[in-house]
Amino acid sequence: MIENTASAFKAAIAAGYGIETDVQISADGEAMVHHDDALGRLTEGAGRLADMSATAIRAASFKATADRILTLGELCDLVGGRAPLVIELKSHFNGDRRLVQRTAEVLAGYAGPAAVMSFDPGMIEAARLIAPKLARGIVAERHYDHDEWARLPASTKRRLAWLLHATRTRPQFIAYGVKDLPAVAPLVARWVFGLPLLTWTVRSEADRAAGQHWADQMIFEGWRP
């Protein structure tokens, strides 16, 4: 099953798992359930989601499946409170907060357990201001050496790794890379300030053992605990 699809969500619910998913903003301001910022890796077609309408994005099929990209509203209707939702707000670190606004609007009418998180402190600060009652967390890692982070200055990466934005974002939980644990910042947040610590992405029993030692819960894929 491909991540972030209706088939995967139904399987998670059937197995009694919580759901971690991703949302991207469309050109017309809709929250679309998809990990990548462009079509092509997991789907047919091509194009940046931020340049496409929600209708055009929903028309793209996932490879070798009958699944289509969902809106966040459609995901909420599918889940219907049967599993916790942890929603990662994808960001281009460009100051665009439409995704926060739209996600908050959708979740305001959703009765099930849900939280948002993001690598971008600006998104979480916006969530705190726009929807203060919505549970929010920060996603972080230690090194930020993947190509997708190349555009960020080294000073910004240090601030992210050390959670130095916490006074303005006020996260209610932390999600930190499992390969980077133990690390001072997330463990201080957990042990001193009492914030729940999630760890990602757990793909093996060895990852699970490390996550269980240092964290409260794990985000996993491609493997069942």
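Me: Is Arg97 buried, partly exposed or exposed, and what is its relative accessible area?

Reply: Arg97 is partly exposed, with a relative accessible area of 28%. Bear in mind that this is a predicted model. The label depends on two cut-offs: buried means under 20% relative accessible area, and exposed means over 50%.

Me: Which residue forms a salt bridge with Arg97?

Reply: A salt bridge needs a side-chain nitrogen of Lys or Arg within 4 Å of a carboxyl oxygen of Asp or Glu. Here the partner is Asp120, and the closest N and O atoms of the pair are 3.8 Å apart. The two residues link distant parts of the chain, being 23 residues apart. Asp120 lies in the loop between strand 7 and helix 5, and Arg97 in the loop between strand 6 and helix 4. Unlike its partner, Asp120 falls under the lower cut-off: its relative accessible area is 5%, so it is buried.

Me: How far apart are the closest N and O atoms in the salt bridge of Arg48 with Asp51?

Reply: They are 2.9 Å apart. Arg48 has 37% relative accessibility and therefore counts as partly exposed. Asp51, at 55%, counts as exposed.

Me: Where in the chain are Arg168 and Glu125?

Reply: Start with the contact itself: Arg168 forms a salt bridge with Glu125, and the closest N and O atoms are 2.8 Å apart. This pair also links distant parts of the chain, with Arg168 in helix 7, Glu125 in helix 5, and their positions 43 residues apart. Arg168 has 36% relative accessibility, so it counts as partly exposed. Glu125 is partly exposed as well, with a relative accessible area of 22%. Elsewhere, salt bridges that share partners join Glu3, Asp36 and Arg41 into one network.

Me: How many salt bridges does the count come to?

Reply: The count comes to 15 salt bridges.

Me: Now the helices. What describes two packed helices?

Reply: Two packed helices are described by the angle between their axes and the distance between the axes. Take helix 1, residues 6-15, and helix 3, residues 72-79: they pack at an angle of about 30 degrees, with their axes 11 Å apart. Angles under 35 degrees count as roughly parallel, and helix 1 and helix 3 are therefore roughly parallel to each other. Helix 1 passes helix 3 in a right-handed crossing.

Me: Which residues of helix 1 and helix 3 meet?

Reply: From helix 1 come Ala6, Phe9, Lys10 and Ile13, and from helix 3 come Leu75, Leu78 and Val79. By class, this contact has six nonpolar, no polar and one charged residues.

Me: Why do residues three or four places apart point the same way in an α-helix?

Reply: An α-helix has 3.6 residues a turn, so residues at that spacing end up pointing the same way. For a case to look at, the buried residues of helix 1 are Ala6, Phe9, Ala11, Ala12 and Ile13. They pack against strand 1, strand 2, strand 5 and helix 3. After helix 1 comes Gly16, whose phi is positive, near 80 degrees.

Me: At what angle do helix 3 and helix 4 pack?

Reply: The angle is about 30 degrees, and the axes are 10 Å apart. That makes helix 3 roughly parallel to helix 4. Their crossing is right-handed. Leu72, Gly73 and Cys76 in helix 3 meet Thr103, Val106 and Leu107 in helix 4. Sorted by class, the contact has four nonpolar, two polar and no charged residues.

Me: At roughly what angle do the axes of helix 4 and helix 5 cross?

Reply: They cross at roughly 40 degrees and come within 9 Å. That makes helix 4 oblique to helix 5. The crossing is right-handed. In helix 4, Leu99, Val100, Gln101 and Ala104 meet Met123, Ala126, Ala127 and Ile130 of helix 5. These residues divide into seven nonpolar, one polar and no charged.

Me: Which residues of helix 8 are buried?

Reply: In helix 8, residues 184-191, the buried ones are Ala185, Pro186, Leu187 and Ala189. They pack against helix 6, strand 9, strand 10 and helix 9.

Technical notes: Residues numbered from 1 in each chain as written. Predicted model: local features only at pLDDT ≥ 70, side-chain atom pairs only at ≥ 80, totals over all residues. Heavy atoms only, no water. Axes fitted to C-alpha atoms, helices over the stretch in contact; angles between N-to-C directions. Helix = DSSP H or I, 4+ residues; strand = E, 2+ residues; numbered from the N terminus. Parallel < 35°, antiparallel > 145°, perpendicular 65-115°, else oblique. Left-handed = near helix turned anticlockwise from the far one by under 90°. Contact = heavy atoms within 4.5 Å. Nonpolar A, V, L, I, M, F, W, Y, C, P; charged D, E, K, R; others polar. Buried < 20%, exposed > 50% of the residue type's maximum accessible area, 1.4 Å probe, protein only.
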